[in-house]
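Hi everyone, thanks for making room for me today. I would like to walk you through one structure, strand by strand and hole by hole. Please have a look at it while I talk.

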Amino acid sequence: MQKLRSVDSALSFLADGYLFGTRRFDAVQTDAFRTRLLGVPVVVMRGSDACRFFYEQGRFTRSAALPPSITHLLQDVGSVQTLEGADHRDRKHLFVDALMSREALDGLADAVEDEWMSAAGGWAHRDRVSLSAEIPKILSRAILSWSGIAATPSGADERASEFVSMIENAARIGPPNWAARARRRRTEKWAGSLVVDARADPAASEGTVLGAVASKTSRTGAPLPVDVAAVELINVLRPFVAISRFLLFAVLGLRRRPDLAEAFRSGDESLLEDFAQEVRRFYPFFPVIAGRASRALEFDGHPIAAGSLVMLDLYGTDHDKSYWGDPEVFRPERFAEKGVDPNHLIAQGGGTYLDDHRCPGEPLTVRVIMRVVQILTQRMSYELPPQDLRVSLRTFPAMPESGVLLSGMAVRA
């Protein structure tokens, strides 16, 4: 396995952002290389073989794989993402059961549509609307009400602000990260109080996500500690707000493909799901995922010592020319041609939903993107005024520079 010549690649990682891996894979003509990041040896890999190697058979643990600045904002100690083996599988049932049923997919998509159309009624009276500011509020209100959590509109908006703070500051260091972690502690306190109340009156939250989290037990049969249950409740709510970026990118996708926007508008939805998948593949979400080898391993004939840090390049895999052919072209038709291979399309992780760390909210993300595209093309009219819609690949997580501004909005009957 080739080792990069540079002493340390940390500055190059910051400079190249999402393209760090791709540029070096192309340079060394291989899908795995060794380097150092802040002095730590690391193997970086991409592709379907790398995805299976990284996710399957418990080869890697998430423990000590990510900086605390990221862990405390996006996962936190004791959460499902930090567990492995039977404990992980048992906890993962909570999320799979809550988010992947047909009732959940339909119910949350309906909740998003209700909140979106309610907000859109007020947008028609404004000159411009920033979707980057509005969509997290819509998603927060939808997920809270669907989860059985009572909140005033202002309270739901405050939660949205807290979730956005966690997402946007996870990759930052220093005061911005510290402030976000302080806000998160307040969010955890709020979530903990919900768990305590739900346990005191189980009937009030029966059949809801809140009730499921509050009543979840460990494999020993003991209730989850309140602080752990609070973290897991946040792990249902925060990721749903995080997909606001995919919805911003869906607007850009419609701009790139006005022919498909017109097809959707006229009722031809044959490529609607493929469009949603291409949004997830084409646009940047999380750049990489990291793990530490749980034992001595071998990848493609190359040894990887126990405890070694390995990074799977999510963005690089989603833009691998050897599989996608034309990865820098936004072309939803590719999925109608070849289907969706879960080891090649890994915008939200790889592996299986229950046994591995693949995000169980992935089907829900696709469903919500599809529903919002239907709203944008069939229930609204709008314009994209002059603005900076460039997406910097040096910013984690990425989003359009202008936040996507809409004008001339009207709601259709």
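Which residue in β8 is the bridge partner of I289? The partner of I289 in β8 is L312. Before we go on, please keep in mind that this is a predicted model.

Let me stay with β8, because as a strand whose 5 of 5 residues are buried, it is largely enclosed by the rest of the structure. Its side chains are worth a look. L309, M311 and D313 point one way from β8, V310 and L312 point the other way, and all are buried. If you are new to this, here is the background: in a regular strand the side chains alternate between the two faces of the sheet.

Who are the neighbours of β8? On one hand, there is strand β5, residues 288-293, which runs antiparallel to β8 and is joined to it by 5 bridges. I289 and L312, from my opening question, are bridge partners in that pairing. On the other hand, there is strand β2, residues 40-45, which pairs with β8 in the parallel sense over 4 bridges. There, V43 has V310 of β8 as its bridge partner. A general reminder fits here: strands of a sheet pair through backbone hydrogen bonds, either parallel or antiparallel.

Now for the empty spaces. Rolling a probe the size of a water molecule over the atoms shows where empty space is left. How many cavities of 30 Å³ or more does the structure hold? It holds 2 of them.

The largest cavity has a volume of about 60 Å³. Its lining is made by F13, G17, Y18, F20, G21, V44, P287, V288, M311 and D313. You may recognise M311 and D313, since they belong to the group that points one way from β8. Indeed, β8 (309-313) and α2 (20-28) each supply at least two residues of this lining. By class, the lining of the largest cavity divides into 7 nonpolar, 2 polar and 1 charged.

The second largest cavity has a volume of about 40 Å³. Among the residues that line it are R280, R281, Y283, P284, L314, Y315 and D318. Two elements give two or more residues to this lining, namely α14 (272-282) and α15 (314-318). The largest share, 3 residues, comes from α15. The classes here are 7 nonpolar, 1 polar and 3 charged residues.

Next, a pocket. The second largest pocket has a volume of about 260 Å³. It is lined by 13 residues, and R256, F282, Y283, P284 and V391 lie nearest its centre. Y283 and P284 also appear in the lining of the second largest cavity. Which helix gives the most to the lining of this pocket? Helix α12, residues 244-256, does, with 3 residues. The pocket lining divides into 8 nonpolar, 1 polar and 4 charged.

Let's move to another sheet. Here 3 strands form an open sheet in the order β4-β10-β9, with antiparallel pairing. The edges are β4 (128-130) and β9 (380-383), each with a single partner strand, so one side of each is left without a neighbour in the sheet. On average, neighbouring strands of this sheet are turned by 50° against each other, direction ignored.

Looking at the pairs one by one, β9 is joined to β10, residues 405-411, by 3 bridges. In that pair, E383 has S407 of β10 as its bridge partner. Helix α18, residues 362-379, packs on the sheet, where it touches β9 and β10, and its direction makes about 85° with that of β9. On the β4 side, 3 bridges join β4 to β10, and V129 has L406 of β10 as its bridge partner.

I'll finish with one residue, D320. Where is D320 found? D320 sits in the loop between α15 and α16 (321-324). And is D320 buried or exposed? D320 counts as buried, because its relative accessibility is 5%. Leaving aside neighbours within four places in sequence, D320 is in contact with R46, G47 and G325. A170, by comparison, is 150 residues from D320 in sequence and 26 Å away in space, C-alpha to C-alpha.

That's my tour. Thanks for listening!

Terms used. Residues numbered from 1 in each chain as written. Predicted model: local features only at pLDDT ≥ 70, side-chain atom pairs only at ≥ 80, totals over all residues. Heavy atoms only, no water. 1 Å grid on protein atoms, 1.4 Å probe; cavity = no way out; pocket = protein on both sides within 12 Å on 5 of 7 lines; lining within 4 Å. Points joined across faces, edges and corners; volume = space filled by probe spheres on them. Nonpolar A, V, L, I, M, F, W, Y, C, P; charged D, E, K, R; others polar. Pairing = 2+ DSSP bridges. Axes fitted to C-alpha atoms, helices over the stretch in contact; angles between N-to-C directions. Contact = heavy atoms within 4.5 Å. Buried < 20%, exposed > 50% of the residue type's maximum accessible area, 1.4 Å probe, protein only.
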